[in-house]
Amino acid sequence: MDIADLRAAHPDHWRLSCAIRCLALDAVAAANSGHSGMPMGMADIATVLFGKHLKFDPKAPHWPDRDRFILSNGHGSMLLYALLHLTGYEQMPLQQLKDFRQWGSRTAGHPEYGHAEGIETTTGPLGQGIANSVGFAIAEEVLRARFGAKIIDHHTYVFAGDGCLMEGVSQEAIALAGMQQLSRLIVVFDHNGITIDGPVSLADRTDQVERFAASGWHVQEIDGHDPEAIDAALTAAKADPRPSMIAARTHIAIGHAAQDTAKGHGALTDPQQLLAAKEAYDWPYGPFEIPDDVKAGWEAFGARGAEAHADWTARFEKLSGTRQAEFNRIFTGAAPKKLSATIRALKKQMAETAPKLASRASSEKVLEVVNPVMTETVGGSADLTGSNNTKTSDLGIHSPENRAGRYLHYGVREHGMAAAMNGMALHGGIRPYGGTFMCFTDYARGAMRLSALMGVPVTYVMTHDSIGLGEDGPTHQPVEHLAMLRATPNMNVIRPADAVEVAEAWECALTSETTPTVLALSRQGLPAVRTEHKMKNLTAQGAYVLADAEAGKRQAILMATGSEVSVAMGARDILEADGIGTRVVSMPCWEFFEAQDEPYRKRVLPGGPVRVAVEAGIRFGWDRWLYGERGRREKSGFVGMHGFGASAPAGVLFEEFGITAEAVAQTVRDLLAGKRAG
């Protein structure tokens, strides 16, 4: 690689691209931490993309019709931070680059959504960015079909590395994008042949170009340091009706002593080697110093988008007032005014008719009335539509032939589905929900955690939520999953007891602004426990008194969620008949209850009575409510699972594992007699 030849062939481009390289070198050196090599290697591609192709306006970073740029290989975050600074994003002054990876800065080690405008998604775990991008591209297709190409017509560009493409989620994403023919999605593969351990050949021999082609993508191979080849490839990619992958051969840490080595992946902090690299670049400037002509060139790239933005605004203002208001509503994430009344009407109907329904079936009934009102919803399932009950008749199947369709067949791709839903939510204008069996949150976990970390209101419809699914056995029966999900910060886990609570749970999910929701729903039928209509959303309180003591003094409080609320009610009947005053507390969402004020929590869980928690999952987490909130260890017990399930009919399993009304009642009797309970 002759740096002098590169400089001489395209001198203006070279200076612009070296601004990225040197800012990356300086920031990583200042932090003594980070990844220098990728920004150095991909600087040429970024310069051409931002200079000639990307539609963006730094002065209006939330413009709905901007192109999206996703840095899937997020360890090279200084590439993105340098671009945001150079093109004039207000939230990325030079000081932020100097504070790279420091407490309180916007420039985290990996790009963090919400830290600064221009960061479209959080891309620390490899593969997530490229998987998110599929959701971004689907959102663009759905909204273009709805509002027309004059209002929505943009591309999603992704930079991805070898690591992104080794992660399994990338295949789920690539296959889905190819099947959906997402022509506005363009991935540039940083084909530098280097990983942390050494050459890619140590661990992988995949022909990535052939892999993408086999999945239905348009593919090209180019020199990633030739600006003319980069420009031509991006132009060709935009013209093709398929999603595009450009395999760009690059040199990691180009021009540095660590070029083309595993060391080039990480923090290049040796001061003499840094100076030698700058000398090779013909960059005679100090740390963080950008010459005026170079900064002006980059700012001109940023200013170019103002005209396109102004043209879009003029087109948008020609829409009717109603259309403008609806567009603005869905992009702000506000629920339609009709939602609350729609939910209340369904609750009233369910309370009056008291149907025995699986909560997954109740969920479908909610969606049947919500989807026509909340037209920004986009549903789907990971090949379990009939089991998850996620499809309603009004949605239409999303496909290359029907871009207006709002239902996605994700195939057996739980992780890809979750990551794509994150992308849709981040794009804006879409409320995604998707279903699978609750046990398979294990497969979706990486993306679900990022939903919570980023604060995006994705709804996860997780059915078959306990041993109640029956004969499919322990491989499909979640026992630890409620605990795992509840342990995740900023995630609302709602396990409703009947159709009324399901309706309330959906209202909570669809009005959430910064928190994802998991709906844990049953396969088996659940008897109605809410038979008196209440206007108030009691599920939103997290826990509430469902039935109180009537046989004299309150001696016991039974706490339960989901299918076990009816078990607790049965135990109450037994205990009340024995003269033991018993309160039943339905606890559909711990997170909501914990957020209530102390007086309310005290009214629901007063001190004194013995407490028993009932849930067909493991005990982990329940001690918060058994021992805390005025409870006492010696006066508390748990009826639930203590290991994995088994294959048998649901009724047999509940009997064999001791999750019955009589077992709960006996636990209360033992506690009242001074015996320790499990």
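Which residue stands opposite Ala248 in β5? In this predicted model, the residue opposite Ala248 in β5 is Asp190. The report below places that pairing within the chain as a whole and then turns to other strands and to selected loop residues.

**Basis of the description**

The model is a predicted one, in which local features need pLDDT of at least 70 and side-chain atom pairs count only at pLDDT 80 or more, while totals for chains, interfaces and linings use all residues. Residues are numbered from 1 along each chain as its sequence is written, and side-chain values use heavy atoms, with hydrogens and water left out.

**The chain as a whole**

The protein chain contains 26 helices and 18 strands; these are DSSP runs numbered from the N terminus, helices being H or I of at least four residues and strands being E of at least two. The C-alpha trace spans about 95 × 55 × 45 Å along its principal axes. For 678 residues a compact globule would have a radius of gyration near 26 Å, and the 28 Å of the protein chain agrees with this. That radius is taken over C-alpha atoms, and the globule rule is 2.2 Å times the number of residues to the power 0.38.

Of the 678 residues in the protein chain, 60% are buried. Here buried means under 20% relative accessible area, exposed means over 50%, and partly exposed lies in between (1.4 Å probe, protein chains only). The exposed area of the protein chain is about 24,400 Å², of which carbon and sulfur atoms supply 51%; accessible areas come from the Shrake-Rupley method with a 1.4 Å probe, and for residues only the protein chains shown count as cover. Among contacts between residues at least 6 apart in sequence, 79% join residues at least 24 apart, a contact being heavy atoms within 4.5 Å.

The side chains include 66 positive and 79 negative ones, and the centres of the two sets lie 8 Å apart. Lys and Arg count as positive and Asp and Glu as negative, whereas His and the chain ends are not counted. Each charge is placed at NZ of Lys, CZ of Arg, CG of Asp or CD of Glu.

**Strand pairing**

Two strands pair if DSSP finds at least two bridges between them. The table lists pairings that involve β5, β12 and β16.

| Strand | Partner | Sense | Bridges |
|---|---|---|---|
| β3 (residues 185–191) | β5 | parallel | six bridges |
| β4 (residues 218–223) | β5 | parallel | six bridges |
| β10 (residues 459–463) | β12 | parallel | four bridges |
| β11 (residues 492–494) | β12 | parallel | three bridges |
| β14 (residues 544–547) | β16 | antiparallel | three bridges |
| β15 (residues 554–560) | β16 | parallel | six bridges |

Strand β5 (residues 244–249) has five of its six residues buried, so it is largely enclosed by the rest of the structure. On the β3 side, Asp190 stands opposite Ala248; from β4, Glu221 has Ala247 as its bridge partner in β5.

In a regular strand the side chains alternate between the two faces of the sheet. In strand β12 (residues 517–520), Thr517 and Leu519 point one way and Val518 and Ala520 the other, and all are buried. Ala520 is the bridge partner of Met462, and Val518 stands opposite Val493.

Strand β16 (residues 581–586) has six of six residues buried, and it is therefore largely enclosed by the rest of the structure. Gly581, Arg583 and Val585 lie on one side, with Thr582, Val584 and Ser586 on the other, so that both faces are covered. Val585 stands opposite Val545, and Gly581 stands opposite Arg554.

**Selected loop residues**

Ser563 is in the loop between β15 and α21 (564–577), and its 6% relative accessibility counts as buried. Leaving aside residues up to four places away in sequence, Ser563 touches Ser466, Arg495, Gln524, Leu526 and Phe654.

Ile659 occupies the loop between α25 (650–656) and α26 (661–672) and is buried at 2% relative accessibility. With residues up to four places away in sequence not counted, the residues that Ile659 touches include Ile467, Glu564, Val567, Met641 and Phe654. The C-alpha atoms of Ile659 and Met641 are separated by 8.2 Å, and the two residues are 18 apart along the chain.

Thr206, in the loop between β3 and α9 (208–214), counts as partly exposed at 41% relative accessibility. From C-alpha to C-alpha, Thr206 and Glu480 are 36 Å apart in space, with their positions 274 residues apart in sequence.
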